[in-house]
Amino acid sequence: MSTTTEARPGERREQAELARKCFYYMALMREVEDRIERKLYRQGKIVGGVYVGRGQEAISVGSALVAEEGDVLCPSHRDMGAFLIRGVPAWRILAQYMGRVDGLTRGRDGNMHMGDLKLNIIAIISALAATVPVAAGAALALRYQGKKNVALSYFGEGSTSLGHWHEGLNFASVQKLPVVFLCNNNQYAYSTPAEAQMACANVADRGPAYNMPAEIVDGNDALAVYEATRRAAAHARGGNGPYLLECKTFRMTGHSAHDAAHYVPQHLWDEWGKQDPIERLEARMLAEEWSAAEEIEAERARVRREVDEAVERAERSPLPDASTLLEGVYENQ
Ligand SMILES: Cc1ncc(C[n+]2csc(CCOP(=O)(O)OP(=O)(O)O)c2C)c(N)n1
Ligand SMILES: [Mg+2]
C-alpha cells in the first residue's frame, strides 16, 4: 500500500528534510532518555526523580522545530526534544541528570530543573502549571520589547485542572499575548486517568471558555505537530492572541523511573505501542521515499554513537566541590 502524496519537487525536498530532522531529534531524545531511565538511574548514577517523554517525542520535537530565534520556550518534564533542538548538547543534559558541574545548574540539582536563559529556555518549574502564567508573562515582555516573537508553553493534561493554568490562559487571552499553549495529553497524571480529573472529554474543549482557538492534534505524528504549531505560532506572531493545541498521545513508561505503572491496563500499552512516533515517522519516510532503509539505519547508529560519547563525556565531568554549593543558589551569583 502506498501512502505517497503529491508535492512539487521543492516542497518534496523540504518535507523530506523536515522529516529527517524530526527523526534525528526524536531518535536522539529517545536514546538519551533510555540511557537516563534504563541505565544510569539503575546504576545509581542519578539520584532523585527521573521523568521521560517516551512515546511523546513527536510533541517537543515537532513544535520546537517551529521556534525562531528570540522565541521563548517553557518546557515541561517530558520535553527534552526542546532542549536538544534549542542547542543544549546531550552531554550537558546527561551531566545535569548526574549532578555534575557541567550540568545546566552546575550540579545544584539532580535532574530536571534545567533551563538556559541564554537560549531563551525558562527552567522547568516543579509546581505543576506554574510555568503557564510565566509563559504568559514572557510573552507580555516580548510585546513590550516590540519583538515579533512567541512563547511556547508546554504542560500535561493533568496541569489543566489547576488554578495557575486557568489564570495563565485567561490573562494571555484578555491581553492577546503571543503564546502557543501546547498540551501533551498522555491520558494520565501520575496514576490518575484523565477522565477522573476533568469533566470535559478534551483539553481543547477548555479553549472556548477563554475565547481562544483550540485544536486537537495527533501527538504521535511529528509532522502534524509541526504543521499545527506553525499555524498557531503564525496566528500568535500576527498579533491575534494565543492558541491552544492539545496533542493526544500516551506515556509509554511509568510516571517516573521508580513507577512500574501497574495501574495502566494492558490493552493501552498494546494499542499505543503500535503508534510509536519514531516508528510511524520511519514508515512514512520509507513510504514517501524521503529516505532509504539503510539511511535510516545509519542515522540510528550515528545517534547511538553520539550518545555513547555524550555519556562518557558527562561521566568525566566532576561533581561540584562542596565548598561551592551555595554559589548561584541565591541572586548574588
Ligand atoms: C501542584 C503539584 N501537584 C502535584 C505535583 C506532583 N506531580 C508531578 S508530575 C504530576 C503529574 C502531572 O500530570 P500531567 O500534568 O498530566 O503531566 P504528565 O506528567 O502526564 O506529562 C504530579 C501529580 C506537582 N509537581 N505539583
Ligand atoms: Mg498527563
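A residue counts as near a molecule if one of its heavy atoms lies within 4 Å of it. The model shown is predicted.

**View 1. The shell around ligand 1.** Ligand 1 is surrounded by 15 residues. The closest are His 77, Arg 78, Ser 126, Ser 159 and Tyr 188. By class, this shell splits into 5 nonpolar, 8 polar and 2 charged residues. The space that ligand 1 takes up is the largest pocket.

**View 2. Polar contacts of ligand 1.** A nitrogen atom of ligand 1 lies 2.8 Å from a backbone N or O atom of Ser 126. The side chain of Glu 157 places an N or O atom 3.1 Å from an oxygen atom of ligand 1. Asn 184 has a polar side-chain atom 3.5 Å from an oxygen atom of the ligand. On its own, ligand 1 has 580 Å² of accessible area, and the protein covers 71% of it.

**View 3. The magnesium ion (ligand 2).** Glu 157 appears here too, listed twice as a donor through OE. The other protein donors are Asn 186 (OD1) and Tyr 188 (O). These protein donors lie 2.1 to 2.7 Å from the ion. Along the sequence, the donor residues follow the spacing E-x28-N-x1-Y.

**View 4. Geometry at the magnesium ion.** The site has 6 donor atoms. Ideal angles for six octahedral donors are 90 or 180 degrees. Here the angles run from 51 to 177°, and the site is irregular.

Terms used: Residues are numbered from 1 along each chain as its sequence is written. Chains are lettered from A and ligands numbered from 1 in the order in which they are written. This is a predicted model: local features need pLDDT of at least 70, side-chain atom pairs count only at pLDDT 80 or more; totals for chains, interfaces and linings use all residues. Side-chain values use heavy atoms; hydrogens and water are left out. A polar contact is a pair of N or O atoms within 3.5 Å; within protein, one must be able to donate a hydrogen and the other to accept it, and residues adjacent in sequence count only if both atoms are side-chain atoms. Accessible areas come from the Shrake-Rupley method with a 1.4 Å probe; for residues, only the protein chains shown count as cover. On a 1 Å grid over the protein atoms alone, a cavity is a set of points where a 1.4 Å probe fits but cannot get out, and a pocket is an open set with protein on both sides within 12 Å along at least five of seven lines; lining residues have an atom within 4 Å of a point. A molecule sits in a cavity or pocket if more than half of its atoms lie within 2 Å of its grid points. Ala, Val, Leu, Ile, Met, Phe, Trp, Tyr, Cys and Pro count as nonpolar, Asp, Glu, Lys and Arg as charged, and the others, Gly among them, as polar. Donors are N, O and S atoms within 2.8 Å of the metal (3.2 Å for Na, K and Ca); water is not among the atoms, so sites may look incomplete. Four donors count as tetrahedral if all angles lie between 85 and 135 degrees; four count as square planar and six as octahedral if opposite donors are over 155 degrees apart and all others between 65 and 115; anything else is irregular.
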